[in-house]
Amino acid sequence: MIKRIRPILCCLVFGIAEAFGCTSALIGPEANPSGRPMLWKHRDTSAIDNIVEYVEGKNGEHSFVALFNADDKKLEQAWIGMNDKGFAIMNTASYNIKDDKVPQKNMDKEGYLMAKALKKCTTVEDFAIFLDSQPRPMGVEANFGVIDAYGNGAFFETNNHTYVRYDVKNAPGNVIVRTNYSHSGRPDEGFGFNREANACHLLDPHIKAANVTPELLTENISRSFWHDLKQHDYAKGPDRWVVDQDFIPRYKSTATVVIEGCRPISKDEKPKEQMIADQYIMWTGLGYPPCAEIVPVWCRENGVDEGLRRTGKNGHSPIGDRAKSRRDEVFPIKKGNGEKYIDIKKLYNEDGSGYVQTIVPKNLEVYKKTRQLRDR
């Protein structure tokens with residue numbers, strides 16, 4: 001009986017990690033050529049249908065825009081978002097810093113916490129105070145990445161009772177990468193070690209050149225099949241079928257999002273809502289990232305494209321559903337372990353007709369035109 005239970009428990013733990021994994025990065029102003037801080041979240045989750053919505057502030061709370069699960073009808077759990085004061089937040093699940101026996105049914109409160117923070121916080125320091133003020137246990141085990149209009153950024157590796165803070169200004173190259181373990185946690189526990197290595201490998205030359213941009217993150221890294229352990233790029237080569245293991249894009253990847261902030265304001269200024277509405281952009285790709293279209297989002301009323309909202313069939317995002325249907329072609333085998341096999345030729349092929357090859361140029365044009373409008 002014990003022998004049978006142990007494998008089941010292992011599968012459950014692995015399944016949780018697979019369902020709630022993410023790859024992320026916090027980019028400080030010094031690493032971005034336009035001097036803007038950024039948050040990048042490549043989301044992996046079993047909640048495959050995501051939407052973006054604007055939430056108007058009430059009773060003195062801040063308005064904000066965020067990524068939600070499509071079935072979150074009350075918009076209670078934000079998974080990456082920004083508010084009208086320039087505060088932005090995201091998370092990745094962690095699996096090596098919980099140090100208590102709080103039952104699982106009382107955990108997974110990260111989305112609720114981030115929605116509350118977006119309503120209340122203006123600065124990175126505000127978020128630290130916000131965490132200190134939360135009732136314990138908080139019901140979280142996560143790496144929270146935050147930025148503000150003053151150019152500050154930090155990761156807070158947070159469990160039910162405490163957190164460890166990593167400021168991006170102290171990070172080598174002004175960049176911090178996190179996946180599904182915390183650097184302050186128990187060594188060699190958690191998940192996403194190879195995905196973190198993948199991201200660091202792909203980012204490294206751009207960090208050295210101080211030219212980390214939103215399009216590098218969504219169009220390159222979120223669509224890359226570089227495998228750092230094997231030192232091989234599976235997008236390049238003759239093989240058609242590739243095993244979906246330890247790449248940044250995965251079968252359960254549902255979005256790639258970059259929040260690009262403003263050029264830092266002075267410490268004596270207060271963030272003006274109109275400036276935030278004009279300067280902050282949430283570059284959003286819903287659905288399986290290698291097949292995703294990038295759509296800019298602003299933190300203002302009517303700042304969210306209808307195609308990203310819950311306007312499609314069954315309350316889905318039409319743009320997200322388009323990417324999901326393309327993913328079905330990339331993972332065409334429906335029997336057995338079919339979802340573990342990528343038809344890489346649907347993404348990259350010799351005649352240039354793969355989804356990555358055809359969608360990325362269109363997305364880059366969206367970046368170019370949107371940035372021209374913003375900067376003008």
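# Exercises on a predicted chain

Of the 376 residues in the chain, 57% count as buried, where buried means under 20% relative accessible area, exposed over 50% and partly exposed in between, with a 1.4 Å probe and protein chains only. This is a predicted model, in which local features need pLDDT of at least 70 and side-chain atom pairs count only at pLDDT 80 or more, while totals for chains, interfaces and linings use all residues. Residues are numbered from 1 along each chain as its sequence is written, and side-chain values use heavy atoms, with hydrogens and water left out.

## Exercise 1: the whole chain

Task: work out how many helices and strands the chain has, and whether its radius of gyration agrees with or departs from that of a compact globule.

Solution. Begin with the elements: the chain has eight helices and 17 strands, which are DSSP runs numbered from the N terminus (helices are H or I with at least four residues, strands are E with at least two). Next, take the radius of gyration over C-alpha atoms and apply the globule rule, 2.2 Å times the number of residues to the power 0.38. For 376 residues a compact globule would have a value near 21 Å, and because the chain has 20 Å, the two agree. Along the principal axes, the C-alpha atoms fill a box of roughly 55 × 55 × 45 Å. Finally, turn to contacts (heavy atoms within 4.5 Å): among those between residues at least 6 apart in sequence, 66% join residues at least 24 apart.

## Exercise 2: Thr179 and Asn180

Task: find where Thr179 lies in the chain, and which backbone atoms the side chain of Asn180 meets.

Solution. First, place Thr179 in the loop between strand 10 (175-178) and helix 4 (193-208); Asn180 belongs to the loop between strand 10 and helix 4 as well. Second, look at the cover: Thr179 counts as buried because its relative accessibility is 0%, and Asn180 is buried at 0% too. Third, leave out residues up to four places away in sequence, and the residues that Thr179 touches include Cys22, Thr92, Asn143 and Phe191. Fourth, examine the polar contacts, each a pair of N or O atoms within 3.5 Å (within protein, one must be able to donate a hydrogen and the other to accept it, and residues adjacent in sequence count only if both atoms are side-chain atoms). The side chain of Thr179 reaches the backbone oxygen of Gly192 at 2.9 Å. The side chain of Asn180 reaches the backbone oxygen of Ala93 at 2.9 Å, and one of its polar atoms lies 3.1 Å from the backbone nitrogen of Cys22.

## Exercise 3: unusual backbone angles

Task: say which peptide bond is cis, and whether Leu75 is buried or exposed.

Solution. Start from the general rule that most residues other than glycine have a negative phi, and that most peptide bonds are trans. The bond from Arg136 to Pro137 is cis, with omega near -5°, and Pro137 sits in the loop between helix 3 (124-133) and strand 7 (142-147). Then consider Leu75, which is not a glycine and yet has a positive phi of about 55°; this residue lies in the loop between strand 4 (64-69) and strand 5 (80-83). Leu75 is buried, because its relative accessible area is 19%. Asp246, also not a glycine, has a positive phi of about 65° and lies in the loop between strand 13 (241-243) and strand 14 (253-260). At 31% relative accessibility, Asp246 counts as partly exposed.
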